[in-house]
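Trainee: I am new to this structure and would love a close look at a single part of it. Could you walk me through the surroundings of one bound molecule and the empty space in the protein?

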Amino acid sequence: MGKSQFSHAPAESTRGPGHAQLLVSETFTSRQGEGRLTGTDSFFIRTSGCNLRCWFCDTPYASWDPSGDRQTIQSLVEAARQSGVAHVVLTGGEPLLPAAVTELSDALMQAGFHLTIETAGTIDKPIPCDLLSLSPKLADSTPDPQQHPRWSRLHEQRRMPLDTMRNLIDAAIGFQLKFVVGDAAQFGEVQDVSRALDVDNEDVFIMPQGVTNAEMDAAQRWLRPLAESAGYQYCDRMQIRWFGNRRGT
Ligand SMILES: C[S@@+](CC[C@H](N)C(=O)[O-])C[C@H]1O[C@@H](n2cnc3c(N)ncnc32)[C@H](O)[C@@H]1O
Ligand SMILES: Nc1nc2[nH]cc(C(=O)O)c2c(=O)[nH]1
Ligand code: SF4
Ligand SMILES: [Mg+2]
């Protein structure tokens, strides 16, 4: 019996196609709750680990406190097939972070899935996908410098690399920008970033910061009119309306 059976497999092995692994916090079948494809039945793959630390992150188990299991590309593609749906949403954490993400995306596209990648767009790894769902992180997302000095500094340094974002958009078949907004004062930054990325207003979605129906009801009153008067699309977070703020939905 070979010694390798008793040694730890590397995080991302190079044993051949489909065997590379990624740390995955959850997979589930649900309906896309955000953006242009809202309502589309989709298989979600959530990688664990993030290079940012938004104070409001709704999946801290994949960012602030990353946990999960190592899964092979082969097993993820097979699970997507078993789900019976045609759309896959690759999210995180930050899905562009794992080395094996390029191979995973290729494998999912080759298998014929429609692939959406949900990303903050800070990693220059242009990967083909059907819909790049890019959510640039505004200044307000930075964590408190007193409580989190190191992450506050790193987050601020990393959150808005416009050239990287443009490269990601150029590599994708389609894209949407999806800004998380919690206060009207952030709207100027939304407009600056959208202009700097040279995107059409119809490709820009404004989404409320929040994880409760009450927060979204309140945002409907002040944020929707603000977004629509600027010519942007407004999107609720329908998974919260449908299922509540629950893992695996
Ligand atoms: C958890 S993130 C994972 C993908 C990637 N790290 C990103 O931020 O785009 C998935 C989506 O949820 C959004 N999001 C996270 N926390 C949120 C919150 N509290 N309110 C509204 N949207 C949130 C992100 O902006 C992103 O569009
Ligand atoms: N239903 C549902 N739709 C989503 N759209 C983007 C999500 C994400 O966390 O990236 C998400 C999610 O977690 N659930
Ligand atoms: S970039 Fe995405 S996953 Fe990372 S902390 Fe922010 S919202 Fe969470
Ligand atoms: Mg989510």
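**Around ligand 3**

Mentor: Happy to. Let us start with one residue: Cys50 counts as buried, because its relative accessibility is 17% and the cut-off for buried is under 20%. Keep in mind that this is a predicted model. Cys50 belongs to the set of residues around ligand 3, together with Leu52, Arg53, Cys54, Cys57, Ser63, Gly93, Ala120 and Lys137. Sorted by class, this shell has five nonpolar residues, two polar ones and two charged ones. The space that ligand 3 takes up is the largest pocket.

With several cysteines in that list, you may wonder about disulfides. The count is zero, where a pair would need its sulfur atoms within 2.5 Å. Cys129 is an example: this residue is in no disulfide, and the nearest cysteine sulfur, which belongs to Cys235, is 17 Å away. Cys129 is also buried, because its relative accessible area is 0%.

Now for the empty space. Rolling a probe the size of a water molecule over the atoms shows where such space is left. The structure holds one cavity of 30 Å³ or more, and the largest cavity has a volume of about 50 Å³. Its lining is made up of Phe56, Ser135, Pro136, Lys137, Leu138, Asp140, Ser141, Val180 and Gln186. By class, that lining divides into four nonpolar, three polar and two charged residues. Look for Lys137 as you compare the two places: this residue is around ligand 3 and also lines the largest cavity.

Technical notes. Residues numbered from 1 in each chain as written. Chains lettered and ligands numbered in written order. Predicted model: local features only at pLDDT ≥ 70, side-chain atom pairs only at ≥ 80, totals over all residues. Heavy atoms only, no water. Near = heavy atom within 4 Å. 1 Å grid on protein atoms, 1.4 Å probe; cavity = no way out; pocket = protein on both sides within 12 Å on 5 of 7 lines; lining within 4 Å. Sits in = over half its atoms within 2 Å of the grid points. Nonpolar A, V, L, I, M, F, W, Y, C, P; charged D, E, K, R; others polar. Points joined across faces, edges and corners; volume = space filled by probe spheres on them. Buried < 20%, exposed > 50% of the residue type's maximum accessible area, 1.4 Å probe, protein only.
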